[in-house]
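This report covers aromatic and charged side chains, together with one histidine. The sequence and structure are shown first.

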Amino acid sequence: HHTFVQQKKPVQRRQRKPHYAKMKVKFEKNEKEYDITPKIIVFALLLLAVIIHLSSNKGGALSSGDSRTQAPKVAEQAQLLKVKPAEIRMEMLCEPKTAEEKASLTKEIKAYEASPKFKQKIAECKGEYKVAPHHKAIILHLRDKVLQKGWSVLDLGAAAGGMLRMVIDAYNNQKRLKGPRGKFQGVELVNGWVEFASEYFSDSERWGDVGFVQGDITEFELPDKDATFDFVMLNDVMEHLQKNRYGCFFEKLKSVTHKGSVVYMHTPTPAAQVQEGAATGQYFENVLPHHVVVTGMAQAGFELLNFELDTKTVCMKEFWKKEKRLPRQANDAHCYFQGFVKYYHATFYRVRDERVFDLY
């Protein structure tokens, strides 16, 4: 007997025509085929995007401050944001002081020298008076989060040198900061404090290279006119400038720094200053909005590196009362004024390429 097996005819399936020609790579090891076409398409698109970007940015080596490129860039950014060009970059001009402004500064100096605060600041520098709570918070912040080994330091609005001394102590006592360092320089408006500090810090073996000069921080002269500093600090100073001198300050700040310099500010929050300013009795007690500081610093080539509320300053208990439902960042402080955190820390970095301030 013969057995016959009926063989099924193979099903003829209609093959779809591919949308694109497939490129396959066959690996001999496992005899599988891999479709690499999508990867090639993605690579081609990326390459095309790079070519378009390079062709549209010819002359990009020019800095943002170059007069040949600045105006078109600002106009383009304004069109993107649907605002006026003037609103993109706030221009702060520096104008000479009037006779009235000079008289106001002279009056402020005399008032300081006649106040109890004058001797108190000297005693604090000498270690004969307790350190103010916010000064303790400042040095903790600087020591743990800001200072670097070997820096030169400029203290603007240095008073009698109390904060500068604490920074010197940090460099002398902290293991990671010990070693050779640059010059430490103080600038102060009140003559009496400058005279004290110049004598007190004259022992170079004890303090290192430390100098003091008298001057308004918006216009001062240093012994070395070409000197620049790695680190500049302003401890509760920014709110005391004459309102029309902020442009002069930002301009001066740029002249005493270099690319890579760091600037630190400890300042009352605008919310606290609105309530407190008129009550202090000090001259030029301004409410200083955050956007004015950030924009002015950007104009001088400084990018905001860090901003945080000062939660370490410990005030008297009458200043512990806070608003309900504060943001979490403001909820753990120990010094409030009219319900909001009284101080903040801000650190800026002078950028190496000012094109980072332009919207592309």
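Is W207 buried or exposed? In this predicted model, W207 has a relative accessible area of 4%, and because buried means under 20%, W207 counts as buried.

## W207 and its ring partners

W207 pairs with F201: the ring centres lie 5.2 Å apart and the planes meet at 65 degrees. Planes over 60 degrees apart count as edge-to-face, so the F201 and W207 pair is edge-to-face. F201 is buried as well, with a relative accessible area of 1%.

Both residues belong to a cluster in which ring pairs link F196, Y200, F201, W207 and F212.

## A pair between distant helices

The count of aromatic pairs comes to eleven. One of them joins Y112 and W193, with ring centres 5.5 Å apart and planes at 55 degrees, so this pair is tilted. The pair links distant parts of the chain, as Y112 lies in helix 3 (residues 99-114) and W193 in helix 7 (residues 191-200), 81 residues apart. Y112 and W193 are both buried.

## Charges over rings

Two phenylalanine rings have a charged end over them. For F184 the charge comes from R181, 5.0 Å from the ring centre. For F220 it comes from K252, 4.8 Å from the ring centre.

## H134

H134 is part of helix 5 (residues 133-145). Its relative accessibility is 17%, so H134 counts as buried. Leaving aside residues up to four places away in sequence, H134 touches D236, H266, T313 and Y343.

How values were computed. Residues numbered from 1 in each chain as written. Predicted model: local features only at pLDDT ≥ 70, side-chain atom pairs only at ≥ 80, totals over all residues. Heavy atoms only, no water. Helix = DSSP H or I, 4+ residues; strand = E, 2+ residues; numbered from the N terminus. Buried < 20%, exposed > 50% of the residue type's maximum accessible area, 1.4 Å probe, protein only. Contact = heavy atoms within 4.5 Å. Phe/Tyr/Trp six-rings, centres within 6.5 Å; stacked < 30°, edge-to-face > 60°. Lys NZ or Arg CZ within 6 Å of the ring centre and 35° of its normal.
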